[in-house]
Amino acid sequence: MSINQDRIALFEADLRSAFRLTRLKIEDESHLHAGHAGAASGGGHFKLTIVAPEFEGMSKVARHRAIYAALNKHFPAAIHALTILAFTPNESTN
């Protein structure tokens, strides 16, 4: 398992502790940022698609804040950049 696969497993555990997930997909996009100044720090670039009922009634900003709070201990060592797509079960198409 690569270091980012190990990291993704830890991210998933923390998100499952924070939310009642109906869908979670974490993609490692670090390879798209090779040579980027942030890549030198060792933190990865990840894309997160998350569906959870806790997001009901929350703005996009509030959803992102909740996710950042759940993953806080991983910044900046493991996560340099995070793209977030956060939905309620009613908003999700899958």
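**Thr 49 and the nonpolar core**

In this predicted model, Thr 49 touches Arg 23, Leu 24, Lys 25, Leu 85 and Phe 87, when residues up to four places away in sequence are not counted. Thr 49 itself lies in strand 2, which runs over residues 44–51. One of its partners, Lys 25, stands 24 residues from Thr 49 in sequence, yet the C-alpha atoms of the two are 5.1 Å apart in space. Thr 49 counts as buried because its relative accessibility is 7%, and buried means under 20%.

From here the reader can turn to the largest nonpolar core, which holds 20 residues, and in which Leu 15, Phe 19, Leu 48, Ile 50 and Ile 67 touch the most other members. Two or more residues of this core are given by each of helix 1 (3–18), strand 1 (23–28), strand 2, helix 2 (60–70) and strand 3 (79–87). Strand 3 supplies the largest share of the core, with four residues.

Ile 67 offers a closer view of these contacts: leaving aside residues up to four places away in sequence, Ile 67 touches Leu 15, Phe 19, Leu 48 and Ile 50, and also Phe 55, Leu 82, Ile 84 and Ala 86.

Conventions
Residues are numbered from 1 along each chain as its sequence is written. This is a predicted model: local features need pLDDT of at least 70, side-chain atom pairs count only at pLDDT 80 or more; totals for chains, interfaces and linings use all residues. Side-chain values use heavy atoms; hydrogens and water are left out. Buried means under 20% relative accessible area, exposed over 50%, partly exposed in between (1.4 Å probe, protein chains only). Contact means heavy atoms within 4.5 Å. A nonpolar core is a set of buried Ala, Val, Leu, Ile, Met, Phe, Trp, Tyr and Cys residues joined through side-chain atoms within 4.5 Å.
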